[in-house]
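This report describes part of the fold of a protein chain. The sequence and the three-dimensional model are displayed first.

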Amino acid sequence: QREPQPRPDHVEQAPEQDIPVSIMVTPTCGRSEEPWGEGVWAPGTLNFVSDTANVTWLTNVFKEEKEILEIGPDTKVALVNGPDIAAQAKAVAKAVNAAGIEPVETVAGDYTAPTAQKLTQGILSRNPDIEVIIDGYEGATPGIIAALKEAGKGPGDVKIGDVGGSSEISIPNISSGWLAVSAAYDPKVTAQVAIEEV
């Protein structure tokens, strides 16, 4: 059984000194897998501002992506996620499961294209009939696409869904047919609200 992790200093010490602490995007203190609500807020902090990185939002995203990617009970799905210890990766894994998606393989990457390319090469060698690849953050998407191209696949041969929705990665890959669906983050609004509340 794992020992409880110590709370980050800023969550306890700063509020004790009347220093406001605003948490943005990802919950702290082991709260990443809590549903949206008071459970994701760390007592003592001013607030928790996030439009995305939580299990509730991600579950809804993956329910929508499940329909768009036409994932049924027999669809062979792989998940390229982030590091197992990362709060975002934990939330993604829990949300994929809550959306009723059962990957035949889940791999832990680091959200970068080079790592995702290597991981996808391995997925394709072990599961040559994979039909859908979901990735937990769009930084991995170019690597997944590169591995599919190396394997002789064309746009849409293996459907890809990601989370990120940026104009730099997601939009061009949707336009080219490689990416079927993405869900957009809006960090600018998150940061603005957090600053205004502080």
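The sections below treat a sheet, its strands and one loop residue of this predicted model.

## The sheet

Five strands form an open sheet, and their pairing is parallel. Read across the sheet, the order is β4-β3-β5-β6-β7. The two edges are taken by β4, residues 105-108, and β7, residues 181-184, each of which pairs on one side only. On average, neighbouring strands of this sheet are turned by 15° against each other, when direction is ignored.

## Strand β5 and its two partners

Strand β5 comprises residues 132-135 and runs parallel to strand β6, residues 159-164, with three bridges joining the two. Within β6, the residue opposite I134 is G161. On its other side in the strand order, β5 is joined to strand β3, residues 77-81, by four bridges, again in a parallel arrangement. Here V80 of β3 stands opposite D135 of β5.

The side chains of β5 alternate in direction: V132 and I134 point one way, whereas I133 and D135 point the other way. All four of these residues are buried. I134 and D135 thus appear both among the buried residues and in the pairings with G161 and V80, respectively.

From β5 the chain passes through helix α5, residues 141-150, before it reaches β6. This β-α-β crossover is right-handed.

## The edge strand β4

The edge strand β4 pairs with β3 in the parallel sense, over four bridges. One bridge partner is E105 of β4, which is matched with A78. The connection between the two strands leads from β3 through helix α3, residues 87-98, to β4, and this β-α-β crossover is right-handed.

The two faces of β4 differ in their cover. E105 and V107 belong to the covered face, while T106 and A108 lie on the uncovered one. E105 therefore combines a place on the covered face with the bridge to A78, given that strands are paired through DSSP bridges.

## P155 in the loop before β6

Where along the chain is P155 placed? P155 is located in the loop between α5 and β6. With a relative accessible area of 46%, P155 is partly exposed, because this value falls between the limits of 20% for buried and 50% for exposed residues.

Leaving aside residues up to four places away in sequence, P155 touches S176, G177 and W178. The C-alpha atoms of P155 and I174 are 9.7 Å apart in space, and the two residues are 19 residues apart in sequence.

Note on methods:
Residues numbered from 1 in each chain as written. Predicted model: local features only at pLDDT ≥ 70, side-chain atom pairs only at ≥ 80, totals over all residues. Heavy atoms only, no water. Axes fitted to C-alpha atoms, helices over the stretch in contact; angles between N-to-C directions. Buried < 20%, exposed > 50% of the residue type's maximum accessible area, 1.4 Å probe, protein only. Right-handed = clockwise from strand over helix to strand, strands pointing away. Contact = heavy atoms within 4.5 Å.
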